[in-house]
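Please look at the sequence and the structure together, and keep both in view as you read. The paragraphs below begin in the interior and then work outwards.

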Amino acid sequence: MILKKLNLASKFNFLTIGLIVLTSLSIASILTYNAISERYDQLIHHGVSFSKLLAENSEYALYTQDQTNLEQMVDSLKADDDITYLFILDREMQVLAYSSKNPSIKTPLEGLHSKLITETTVKDFTHKTDNKLYIDIMVPVVSLMQDDVGDLFLDEVKSSGSETIGYVQLGFSFHELWNYINRLVIRTLFFTVLLIIVGVILALVMSKKITSPIKNIIEVSTSIAQGDFSSRLEVITGDEVGNLSSAFNKMSAMLEESNLTRKLYEDELQKSHDELEKRVEER
């Protein structure tokens with residue numbers, strides 16, 4: 001109902017700007033969502049790969065309960081800014097070595113994983129002490145005695161066969177992910193607003209180019225209606241608007257010629273009428 005009351009330029013601007021805003025926001029939302037999902041997947045992939053590598057390298061130290069070696073492995077990971085905490089556990093979920101950047105996380109998170117897991121598990125959880133969101137990854141350390149070619153393990157240990165001998169539990173805080181999301185959202189909003197501004201400017205320029213010839217046609221039509229048949233439109237482009245202007249000019253020229261012919265006819269008729277009256281008066 002409101003659109004019906006608007007002129008052509010306003011309708012064009014309203015619809016075009018609305019389409020630009022909707023399209024820009026949709027594209028920005030899709031790109032942001034994909035970027036966040038990709039970042040989350042990268043974080044998971046990094047954590048799982050790192051945990052599996054640590055699980056493979058810690059097998060012998062777990063067998064021999066070499067806590068010094070395990071602590072050295074854990075300490076070497078402190079340089080990784082993404083990792084919030086790291087535990088190396090025995091098969092009874094007892095801590096053998098750990099490192100934590102969060103003082104409230106000093107023990108394995110009970111109930112988060114069931115005991116005797118045989119494959120990698122990934123879970124999101126909210127820690128009760130700080131109410132922050134974390135990504136927790138647990139990888140079992142599985143012995144493969146059939147590969148013990150170098151007699152690294154004791155005979156009594158080798159005889160037990162392949163089994164889960166411990167776990168690597170690693171956690172990421174969502175804090176860095178949220179910071180990444182905030183930076184991404186701010187950049188996306190900036191470029192989205194910039195895109196909308198450029199789109200609005202282009203829409204206004206196009207609106208003026210489209211509606212300006214129509215306004216000229218209206219002005220010339222008004223002049224013709226008032227009896228001025230000499231008005232002409234300026235033909236700038238060769239598109240439909242230019243063709244319409246050319247056709248309108250031809251019509252104006254025909255009307256002007258017709259008006260001149262009518263005036264000449266009226267003048268001749270008036271002259272004949274005057275001569276006839278003069279003759280009648282002379283008689």
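In this predicted model, the largest nonpolar core holds 29 residues, and those that touch the most other members are Leu-54, Leu-62, Leu-70, Leu-86, Leu-170 and Phe-172. Several elements give two or more residues to this core: helices H2 (8-57), H3 (59-64), H4 (67-75) and H6 (174-225), together with strands S1 (83-90), S2 (95-100), S4 (133-142) and S5 (164-173). Of these, H2 gives the most, with six residues. A second core, separate from this one, has ten residues, among them Tyr-85, Phe-87, Tyr-134 and Tyr-167.

To see how one member of the largest core is surrounded, you can follow Leu-70. If its neighbours within four places in sequence are left aside, Leu-70 is in contact with Ser-58, Ala-61, Leu-62, Ile-88, Leu-96 and Ala-97. Two of these residues also meet each other in the sheet, since Ala-97 in S2 is the bridge partner of Ile-88.

The sheet itself is the next thing to trace. Its five strands form an open sheet in the order S2-S1-S5-S4-S3, with antiparallel pairing, and its edge strands, S2 and S3 (121-126), each pair on one side only. On average, and with direction ignored, neighbouring strands of this sheet are turned by 15 degrees against each other. Between S1 and S2, the antiparallel pairing extends over five bridges.

Which helices lie against these strands? H4 lies across S1 and S2 and runs at about 20 degrees to S2, whereas H6 packs on the sheet by touching S3, S4 and S5, its direction making about 35 degrees with that of S5.

The loop between S1 and S2 is the place of Met-93, a residue that deserves a second look. Its phi is near 65 degrees, which is a positive value in a residue other than glycine. Is Met-93 buried or exposed? Met-93 has a relative accessible area of 17%, and because the cut-off for a buried residue is under 20%, Met-93 counts as buried.

Stepping back to the whole protein, you can count seven helices and five strands, which follow one another along the sequence in the pattern α-α-α-α-β-β-β-β-α-β-α-α. Of the 283 residues, 33% are buried, while the protein exposes about 18800 Å², with carbon and sulfur atoms supplying 59% of that area. Among contacts between residues at least 6 apart in sequence, 62% join residues at least 24 apart.

How values were computed
Residues are numbered from 1 along each chain as its sequence is written. This is a predicted model: local features need pLDDT of at least 70, side-chain atom pairs count only at pLDDT 80 or more; totals for chains, interfaces and linings use all residues. Side-chain values use heavy atoms; hydrogens and water are left out. Helices (H or I, at least four residues) and strands (E, at least two) are DSSP runs, numbered from the N terminus. Buried means under 20% relative accessible area, exposed over 50%, partly exposed in between (1.4 Å probe, protein chains only). Contact means heavy atoms within 4.5 Å. Accessible areas come from the Shrake-Rupley method with a 1.4 Å probe; for residues, only the protein chains shown count as cover. A nonpolar core is a set of buried Ala, Val, Leu, Ile, Met, Phe, Trp, Tyr and Cys residues joined through side-chain atoms within 4.5 Å. Two strands pair if DSSP finds at least two bridges between them. Axes are lines fitted to C-alpha atoms, for helices over the stretch in contact, and angles run from 0 to 180 degrees between N-to-C directions.
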